[in-house]
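Trainee: I am new to this structure and would be grateful for a close look at one part, the site where the ligands are held. Please describe it step by step.

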Amino acid sequence: MKEETFVNKVLQGKGVSSGIAIGKVYLLERGRIHVEKYSVREDQIEREVAKFQNAIKSAVKEMSSIKDAILDDDVRRHAFIIDAHMLMLQDQYFLKEVVDTIKAKKANAEWALDIVVSKFSSSFEKVEDPYLRERGRDLDYVYQRLLRIMVNKEAPGIYDKSVRGKGIIVAHDLSPADTIQINLDRTSGFVTDVGGRTSHTSIVARALEIPAVVGLGNITAIVKDNDTVIIDGDEGKVIVNPTRDVQKEYLVRQTRLNAQRKEFLRLGKLKAETQDGFKVRVAANIELLAEMDIVERYGAEGVGLYRTEYIYLSSKTLPTEMDHYHIYRKLAENRAVKYTTIRTLDIGGDKFASSIEVAKEINPAMGLRAIRLCIKEIELFKAQLRGILRASAHGPLKILFPMISGMEEVKKAKAVLRECMAELEQERVPFDEHIRIGIMVEVPSTCMITDLLAGEVDFFSIGTNDLIQYALAIDRVNEYVSYLYEPLHPAVLRMIKKTVEDAHAHNIEVAICGEMAGEPLYVPILLGLELDELSMNAYSIPRVKKIIRGLRHSYCKSLVTEILAKDSPKESELLVRKEMVRLFPDDFEHIAGE
Ligand code: PEP
Ligand code: MG
């Protein structure tokens, strides 16, 4: 197959990092290691245990030299991924499992490792949450490295071959250790057979702003070294050996996109204020500390939502109070943003962590999740709250409770928080006594009593992802009903309106942090509804700011009045689209498709 040269062959994958790259293929070929499985005699067991333990030591050594050799400052900031792999390699539970398996099954070290890793991986595969599922891949990288060491096979480094000029790395998969060795002077993009948006490779590509397309199936079987490829990180397309005309077309698009990115970075720094002086705070949603670079670059004023689930998901054991503290302290001390809103654990539903036991539920979206679980598992909740409080002594943090469905939960959560404060006070540990406390408004029952709840908390944050799911009775991960997912449904708009009015009547602020907040089309509606903060994926910030700066608040208010009078979400959507095309012809023409 490799002998064939494809011309203009278009492959479709997932675009995970925006931009266009054109360059020569640099093919990173690494087969998986075949695992030899055999039984060993009683007197050979110690030899196998030693083989495994030495492999662990060598792997840790390799990882730390990879980390030490990082050339680029931007890349160095992502070295925490290597630390995470080193932690996996030193995880006592994992080490013991492999040694016990060698002994119990009289298995050679490679086989025992394979048994243990397969067991762990199958629990990752069952996870619905794509981010979590990807963490299983981290385990696989560690596994492959250990196997390589045990069978004495050299892993080709990513720049072992000579590439002419800047190349495009094409690989079956790239491990975080590979990504971390990326030399930006020699690489203009990544392309892989497997992977998803939340794989570390994708996260690093986005942070470094290198175009990347993953999940292409079998591109490694299609291209050869020095083939030319075009990567379109927005459309998720890869074109193999494009003709001159196609190259020219993409060069033009690349120049336009580069100019646009510069313009976005400039826009990100500007104030979020309408032409008639209405100000709104534009903040970012994050899941990882590593995302703070992007948050800073794209101009977020604060972090409106830090989804802390990853802290639990990335570890086999429950994070301790001090684990929480160290992470949150970094955020508290980050002066690039004015504040960070830490949402307490929102696990359960479609997200689960191996360290937390949750019962199998028929309807997990409405089950024992988020605040319900925290209130039941008080010690788990307290470790996180005490970690947040400790960190709050170092800078501005806010606490946000998820999935609140009624007053009792708010009171209970606050009581646990007060208990933590009293304990810390006794222990003479400093914390911010005035830390602001908010609740997610994402369950319809909560919307109906925001007038009562507003007296209990310092702010609301509307989670439209869940609010729409619960209000319209559509499972947010079920593709068959996704057509019903309508942010402009009058029920949703009325709920947002009521929440804002009740909050403002009690002098508290309201943010919106669901996906709806980062959609430029909905900006005039959200401004007209007078939300105080829009919190979104950092990349959406410049576009949203551009729209805010181009609108008049008085216009947004009258548009909202008109939209609220409509009973059809489709008509509302059409009206807003038409208006946006009229007002921002450069930004909406292609979206409107009219
Ligand atoms: C939401 O529900 O809108 C939200 C922001 O939270 P999550 O997507 O994490 O449930
Ligand atoms: Mg939610």
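Mentor: The account below begins with the metal and then turns to ligand 1.

This is a predicted model, in which local features need pLDDT of at least 70 and side-chain atom pairs count only at pLDDT 80 or more, while totals for chains, interfaces and linings use all residues. Residues are numbered from 1 along each chain as its sequence is written, chains are lettered from A and ligands numbered from 1 in the order in which they are written, and side-chain values use heavy atoms, with hydrogens and water left out.

The magnesium ion (ligand 2) has Glu 442 (OE) and Asp 466 (OD) as its protein donors, at 2.0 to 2.1 Å. Donors are N, O and S atoms within 2.8 Å of the metal (3.2 Å for Na, K and Ca); water is not among the atoms, so sites may look incomplete. Because Glu 442 belongs to the loop between β13 (436-441) and α17 (444-448) and Asp 466 to helix α19 (residues 464-471), the pair ties together parts 24 residues apart in sequence. Helices (H or I, at least four residues) and strands (E, at least two) are DSSP runs, numbered from the N terminus.

As for ligand 1, a polar side-chain atom of Arg 343 lies 2.8 Å from one of its oxygen atoms. From the backbone, a polar atom of Asn 465 is 2.7 Å from an oxygen atom of ligand 1, and one of Gly 463 is 3.4 Å from an oxygen atom of ligand 1. Two or more residues of the shell around ligand 1 come from each of β10 (303-307) and α19, and α19 gives the most, with three residues.

Terms used
A polar contact is a pair of N or O atoms within 3.5 Å; within protein, one must be able to donate a hydrogen and the other to accept it, and residues adjacent in sequence count only if both atoms are side-chain atoms.
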